[in-house]
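User: I would like a careful reading of one part of this model, set in the context of the whole chain. Please give the cut-offs behind each term as you go.

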Amino acid sequence: IYPDFWKTSTPSDRHTDLRPYVTVKQIDLLGEFADGKAVQGQVTLINSGRIPATDLIGCATLVFRPNSRPMTDGAACPETDIPGPPPRGEYSHLVLGPGLPVTIGTQTFSINPATQALGLMEAGAASLYVYGDASYADTILPGIRHHLKFCGSYGPRSKSFTTCEKHNSMD
(Lines give C-alpha, C1' and ligand atoms only; values in the text may rest on other atoms or scores of the structure.)
Protein backbone atom coordinates (compact mmCIF):
# COMPACT_ATOMS: atom_id res chain seq x y z
CA ILE A 1 0.00 0.00 0.00
CA TYR A 2 2.81 2.38 0.93
CA PRO A 3 5.86 1.15 -1.02
CA ASP A 4 8.10 4.05 0.08
CA PHE A 5 7.03 3.69 3.73
CA TRP A 6 9.17 0.58 4.15
CA LYS A 7 12.19 2.28 2.57
CA THR A 8 12.00 5.56 4.47
CA SER A 9 10.54 4.59 7.85
CA THR A 10 12.33 3.51 11.00
CA PRO A 11 11.52 0.24 12.83
CA SER A 12 9.78 2.32 15.49
CA ASP A 13 7.57 4.00 12.85
CA ARG A 14 6.68 0.60 11.38
CA HIS A 15 5.82 -0.78 14.81
CA THR A 16 3.58 2.21 15.61
CA ASP A 17 1.80 1.82 12.27
CA LEU A 18 1.28 -1.94 12.49
CA ARG A 19 1.02 -2.82 16.19
CA PRO A 20 -2.20 -3.99 17.83
CA TYR A 21 -4.31 -1.37 19.62
CA VAL A 22 -6.83 -2.92 22.01
CA THR A 23 -9.51 -0.44 23.11
CA VAL A 24 -12.97 -0.52 24.69
CA LYS A 25 -15.75 -0.57 22.14
CA GLN A 26 -18.67 -0.73 24.58
CA ILE A 27 -19.65 -1.32 28.22
CA ASP A 28 -23.07 -2.80 29.00
CA LEU A 29 -25.08 -3.73 32.08
CA LEU A 30 -26.79 -7.09 31.72
CA GLY A 31 -29.88 -7.81 33.80
CA GLU A 32 -32.45 -5.69 35.58
CA PHE A 33 -31.33 -3.29 38.29
CA ALA A 34 -34.11 -4.14 40.79
CA ASP A 35 -34.49 -5.58 44.30
CA GLY A 36 -33.18 -9.14 44.48
CA LYS A 37 -32.05 -9.13 40.84
CA ALA A 38 -28.45 -9.67 39.85
CA VAL A 39 -26.72 -7.57 37.23
CA GLN A 40 -23.45 -8.13 35.45
CA GLY A 41 -21.14 -5.81 33.54
CA GLN A 42 -19.93 -6.73 30.08
CA VAL A 43 -17.01 -5.01 28.36
CA THR A 44 -16.41 -5.37 24.62
CA LEU A 45 -12.79 -4.87 23.62
CA ILE A 46 -11.67 -4.52 20.01
CA ASN A 47 -8.29 -4.65 18.31
CA SER A 48 -8.13 -1.65 15.98
CA GLY A 49 -4.52 -2.37 15.03
CA ARG A 50 -3.20 -4.15 11.96
CA ILE A 51 -1.71 -7.27 13.58
CA PRO A 52 -3.03 -9.64 16.27
CA ALA A 53 -2.79 -8.83 19.96
CA THR A 54 -1.19 -11.95 21.45
CA ASP A 55 -1.46 -13.28 24.99
CA LEU A 56 -4.30 -10.86 25.78
CA ILE A 57 -5.06 -11.00 29.50
CA GLY A 58 -8.13 -9.11 30.66
CA CYS A 59 -10.06 -8.48 33.85
CA ALA A 60 -13.31 -6.60 34.47
CA THR A 61 -15.16 -5.92 37.71
CA LEU A 62 -18.37 -4.21 38.81
CA VAL A 63 -18.54 -2.14 41.99
CA PHE A 64 -20.98 0.25 43.68
CA ARG A 65 -19.18 3.05 45.53
CA PRO A 66 -20.21 6.17 47.42
CA ASN A 67 -18.82 9.24 45.70
CA SER A 68 -16.74 9.89 48.81
CA ARG A 69 -14.62 6.99 47.43
CA PRO A 70 -14.36 7.86 43.72
CA MET A 71 -12.59 5.78 41.10
CA THR A 72 -8.81 6.04 41.12
CA ASP A 73 -6.11 5.24 38.59
CA GLY A 74 -4.75 2.59 40.95
CA ALA A 75 -7.98 0.61 41.39
CA ALA A 76 -7.28 -3.14 41.48
CA CYS A 77 -9.09 -5.62 39.27
CA PRO A 78 -10.88 -7.53 40.58
CA GLU A 79 -12.07 -5.21 43.36
CA THR A 80 -11.26 -6.65 46.78
CA ASP A 81 -12.20 -3.79 49.12
CA ILE A 82 -15.95 -4.47 49.35
CA PRO A 83 -18.10 -6.23 51.96
CA GLY A 84 -18.71 -9.95 51.57
CA PRO A 85 -16.72 -12.48 49.59
CA PRO A 86 -14.35 -10.89 47.07
CA PRO A 87 -15.61 -11.02 43.49
CA ARG A 88 -13.57 -13.07 41.08
CA GLY A 89 -13.89 -10.91 37.99
CA GLU A 90 -12.81 -12.69 34.83
CA TYR A 91 -9.37 -13.35 33.47
CA SER A 92 -8.92 -14.46 29.89
CA HIS A 93 -5.84 -15.36 27.81
CA LEU A 94 -6.28 -15.20 24.05
CA VAL A 95 -5.16 -13.95 20.67
CA LEU A 96 -7.30 -11.10 19.28
CA GLY A 97 -7.05 -10.54 15.55
CA PRO A 98 -7.29 -7.15 13.82
CA GLY A 99 -10.82 -5.74 13.78
CA LEU A 100 -12.15 -8.48 16.04
CA PRO A 101 -14.07 -7.94 19.29
CA VAL A 102 -14.04 -9.98 22.49
CA THR A 103 -16.28 -9.60 25.56
CA ILE A 104 -15.17 -9.82 29.16
CA GLY A 105 -17.80 -10.27 31.86
CA THR A 106 -17.70 -9.06 35.44
CA GLN A 107 -18.96 -10.89 38.49
CA THR A 108 -22.71 -10.76 39.15
CA PHE A 109 -23.84 -8.15 41.62
CA SER A 110 -27.07 -7.21 43.41
CA ILE A 111 -28.05 -4.42 45.80
CA ASN A 112 -31.00 -4.41 48.18
CA PRO A 113 -32.83 -2.11 48.19
CA ALA A 114 -32.10 -1.26 44.57
CA THR A 115 -34.44 1.75 44.61
CA GLN A 116 -32.30 3.35 47.32
CA ALA A 117 -29.11 2.68 45.32
CA LEU A 118 -30.70 4.13 42.17
CA GLY A 119 -31.72 7.20 44.17
CA LEU A 120 -28.16 7.66 45.43
CA MET A 121 -26.80 7.41 41.88
CA GLU A 122 -29.39 9.85 40.51
CA ALA A 123 -28.56 12.30 43.32
CA GLY A 124 -24.84 12.04 42.55
CA ALA A 125 -24.02 10.47 45.93
CA ALA A 126 -22.86 7.09 44.57
CA SER A 127 -21.71 5.46 41.35
CA LEU A 128 -21.86 2.04 39.77
CA TYR A 129 -18.60 1.36 37.94
CA VAL A 130 -17.48 -1.28 35.47
CA TYR A 131 -13.73 -1.11 35.25
CA GLY A 132 -10.70 -3.23 34.60
CA ASP A 133 -7.53 -3.68 32.67
CA ALA A 134 -5.96 -5.66 29.88
CA SER A 135 -2.42 -6.33 28.75
CA TYR A 136 -1.19 -7.90 25.55
CA ALA A 137 1.85 -8.47 23.39
CA ASP A 138 2.45 -8.11 19.69
CA THR A 139 4.50 -10.06 17.17
CA ILE A 140 6.69 -7.17 15.95
CA LEU A 141 8.48 -6.43 19.23
CA PRO A 142 8.50 -9.65 21.27
CA GLY A 143 8.76 -9.10 25.00
CA ILE A 144 6.92 -5.75 24.94
CA ARG A 145 3.53 -5.72 26.71
CA HIS A 146 0.95 -3.04 26.05
CA HIS A 147 -1.52 -2.01 28.76
CA LEU A 148 -5.10 -0.75 28.82
CA LYS A 149 -7.08 0.54 31.81
CA PHE A 150 -10.78 1.27 31.38
CA CYS A 151 -13.66 2.53 33.49
CA GLY A 152 -17.29 3.35 32.84
CA SER A 153 -19.78 4.94 35.25
CA TYR A 154 -23.43 3.84 34.91
CA GLY A 155 -26.11 6.48 34.40
CA PRO A 156 -29.45 5.19 35.75
CA ARG A 157 -31.48 7.62 33.64
CA SER A 158 -29.68 6.93 30.36
CA LYS A 159 -29.09 3.27 31.27
CA SER A 160 -25.66 3.54 29.70
CA PHE A 161 -22.05 4.05 30.72
CA THR A 162 -19.94 7.17 30.38
CA THR A 163 -16.15 7.31 30.58
CA CYS A 164 -14.77 7.83 34.09
CA GLU A 165 -12.34 10.66 34.80
CA LYS A 166 -9.83 8.14 36.21
CA HIS A 167 -8.64 4.64 35.35
CA ASN A 168 -8.65 5.19 31.56
CA SER A 169 -5.33 4.91 29.78
CA MET A 170 -3.41 2.91 27.20
CA ASP A 171 0.13 2.63 25.93
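What percentage of the 171 residues of the protein chain count as buried, and, as the part to examine closely, which strand pairs with β3 in the antiparallel sense?

Analyst: This is a predicted model, in which local features need pLDDT (the predictor's confidence in each residue, from 0 to 100) of at least 70 and side-chain atom pairs count only at pLDDT 80 or more, while totals for chains, interfaces and linings use all residues. Residues are numbered from 1 along each chain as its sequence is written, and side-chain values use heavy atoms, with hydrogens and water left out.

Of the 171 residues, 43% count as buried, where buried means under 20% relative accessible area, exposed over 50% and partly exposed in between, with a 1.4 Å probe and protein chains only. The chain has 3 helices and 9 strands; these are DSSP runs numbered from the N terminus, of H or I over at least four residues for helices and of E over at least two for strands. The mean pLDDT is 85, with 83% of residues at 70 or more, and by element the confidence is lowest in helix α1 (residues 3-8), at a mean of 58, and highest in strand β1 (residues 22-30), at 96. Among contacts (heavy atoms within 4.5 Å) with a separation of 6 or more, 67% join residues 24 or more positions apart.

The strand that pairs with β3 is β6, in the antiparallel sense and over 11 bridges; two strands count as paired if DSSP finds at least two bridges between them. Strand β3 is mostly covered, since 10 of its 14 residues are buried. Within this pairing, Leu62 stands opposite Val130 in β6.

Leu62 is also one of the residues with the most contacts inside the largest nonpolar core, which has 27 residues; such a core is a set of buried Ala, Val, Leu, Ile, Met, Phe, Trp, Tyr and Cys residues joined through side-chain atoms within 4.5 Å. The elements that give two or more residues to this core include β3 (53-66), β5 (101-109) and β6 (126-137). Apart from it lies another core, of 9 residues, among them Val63 and Cys77. Leu128, likewise listed among the residues with the most contacts in the largest core, touches Leu62, Val63 and Phe64, among others, when residues up to four places away in sequence are not counted.

The region also holds polar residues that are covered. Gln107, found in strand β5, is buried because its relative accessible area is 12%. The side chain of Gln107 makes a polar contact of 3.1 Å with the side chain of Thr61, a polar contact being a pair of N or O atoms within 3.5 Å, of which, within protein, one must be able to donate a hydrogen and the other to accept it, and for which residues adjacent in sequence count only if both atoms are side-chain atoms. In addition, a polar atom of the Gln107 side chain lies 2.5 Å from the backbone oxygen of Leu62.

On the β6 side, Ser135 lies in the strand and counts as buried because its relative accessibility is 14%. Ser135 touches Asp55, Leu56 and Ile57, as well as Arg145, His146 and His147, again leaving out residues up to four places away in sequence. With Arg145, a side-chain to side-chain polar contact of 2.9 Å is found for Ser135.
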